[in-house]
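Colleague: I am new to this structure and would like a close look at one part of the interior. Could you take me through the largest cavity and what lies around it?

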Amino acid sequence: MSISSETQVPLSLPIIDFSSPDLKPETPEWDLVRSQVRKALEEYGCFEALFDGASMELRKAKLLEASKEVFDLPLETKQSTKTNIHYEGYLTLPVVPSQEGMGFYGVDNPNVVNDLTHKLWPQGNTFVSKNVQSFAEKLIELSLKVRTMTLESFGLEKYMEEHLNSANKHFQILKYKGLSDDDTESKIGFYPHIDRHFLTILSQNDDVDGLEIKTKDGKEWIKVKPSQAASFIVMAGASLHVLLNGGIFPPIHRVITTGKKDRYSAGLFTIPKEGVIINAPEEMVDDEHPRLYKPFDFWGFLKFSNLPNARKDITDLTTYCAL
Ligand SMILES: O=C(O)CCC(=O)C(=O)O
Ligand SMILES: [Fe+2]
């Protein structure tokens with residue numbers, strides 16, 4: 001049988017394996033993975049990472065249970081976690097009412113997770129806090145490897161410590177309500193956007209897909225179908241793009257809800273600390289690569305790109321930096 005010219009293999013993301021116990025700096029294995037990371041971030045702005053197979057599968061299952069416990073609480077209880085920090089506590093977006101999130105800002109501090117679970121359950125909830133923390137810890141480990149490799153691949157070792165110290169770790173669990181019986185078509189679960197911070201690591205539950213990532217040429221959406229249960233999507237954000245003077249790019253992505261089942265996902269976000277000014281090192285600037293952005297204040301950009309007329313794509317960055 002001949003294959004029709006219409007038949008196309010669906011696009012997929014590069015897959016990079018971080019699971020080897022020998023993956024340590026200054027080994028041939030590290031250098032190989034580092035070059036794969038660099039290529040993927042240049043060409044796709046993201047990749048699928050395999051990391052710690054069996055242990056992550058178990059952690060993922062526990063996190064799913066913990067997420068359900070959180071989102072099953074009464075709305076008022078969830079709302080009581082809100083503070084004046086943008087990322088902290090319960091979060092909903094008026095334009096996408098089917099989505100809700102719970103954010104642990106500064107997740108590497110055990111008090112943050114404990115305090116938040118105590119707001120949700122006066123007596124605390126060890127199952128939730130332990131599992132949130134241990135899941136986030138593994139993602140922090142992966143994000144540290146990716147950030148280190150990325151800076152090394154551009155020869156920016158001398159800025160490593162400063163960069164690694166310049167970010168807070170934020171962990172968020174998310175729920176997207178499945179379609180109701182009246183819904184006849186798929187719905188937007190999360191509108192198309194670029195992430196604004198340095199780096200995102202996403203974990204979607206295998207049985208409900210929905211994440212789609214736009215190709216660099218802007219022509220196609222890649223439907224993300226993780227190749228294994230224990231895999232994660234690593235994605236560059238606008239702040240990393242600014243730091244590397246455009247050396248990598250932040251991809252546009254969205255979530256589409258197609259089935260009746262609720263979708264749960266979780267992410268680790270590496271967010272520039274307040275007061276940090278991001279400026280591409282001189283090593284990243286030459287005649288062929290003129291400086292793209294003036295010194296960049298992430299928290300100012302966050303406010304700007306939250307305004308109702310923001311486009312949620314890279315043009316927000318160019319507009320903000322031209323002000
Ligand atoms: O739920 C997802 O898979 C995507 C979430 C996302 O894009 C975000 O939180 O920025
Ligand atoms: Fe995102």
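Modeller: What follows describes the cavity and then the nonpolar core of this predicted model. Counting cavities of 30 Å³ or more gives one, and the volume of the largest cavity is about 50 Å³. Its lining is made up of Lys 60, Leu 63, Leu 64, Ser 67, Ser 203, Asn 205, Tyr 264, Ser 265 and Ala 266. Two elements, helix H2 (53-71) and strand E12 (263-272), each contribute at least two residues to that lining, and H2 contributes the most, with four residues. In character the lining is mixed, for four of its residues are nonpolar, four are polar and one is charged.

From the cavity one can turn to the packing of nonpolar side chains. The largest nonpolar core holds 78 residues, and within this core Phe 18, Phe 47 and Phe 171 have the most contacts. Helix H5, which covers residues 126-153, gives the most to this core, with ten residues. Phe 171 offers a link back to the cavity: once neighbours within four places in sequence are left aside, the contacts of Phe 171 include Leu 63 and Ala 266, and both of these residues also belong to the lining of the largest cavity. Also in contact with Phe 171 are Met 102, Gly 103, Phe 104, Val 107, Val 132, Phe 135, Ala 136, Leu 139, Gly 267 and Leu 268. Apart from the largest nonpolar core there is another core, of 15 residues, with Leu 93, Ile 233, Met 235 and Val 255 among them.

Key
Residues are numbered from 1 along each chain as its sequence is written. Chains are lettered from A and ligands numbered from 1 in the order in which they are written. This is a predicted model: local features need pLDDT of at least 70, side-chain atom pairs count only at pLDDT 80 or more; totals for chains, interfaces and linings use all residues. Side-chain values use heavy atoms; hydrogens and water are left out. On a 1 Å grid over the protein atoms alone, a cavity is a set of points where a 1.4 Å probe fits but cannot get out, and a pocket is an open set with protein on both sides within 12 Å along at least five of seven lines; lining residues have an atom within 4 Å of a point. Grid points are joined across faces, edges and corners, and a volume is the space filled by probe spheres set on the points. Ala, Val, Leu, Ile, Met, Phe, Trp, Tyr, Cys and Pro count as nonpolar, Asp, Glu, Lys and Arg as charged, and the others, Gly among them, as polar. A nonpolar core is a set of buried Ala, Val, Leu, Ile, Met, Phe, Trp, Tyr and Cys residues joined through side-chain atoms within 4.5 Å. Buried means under 20% relative accessible area, exposed over 50%, partly exposed in between (1.4 Å probe, protein chains only). Contact means heavy atoms within 4.5 Å.
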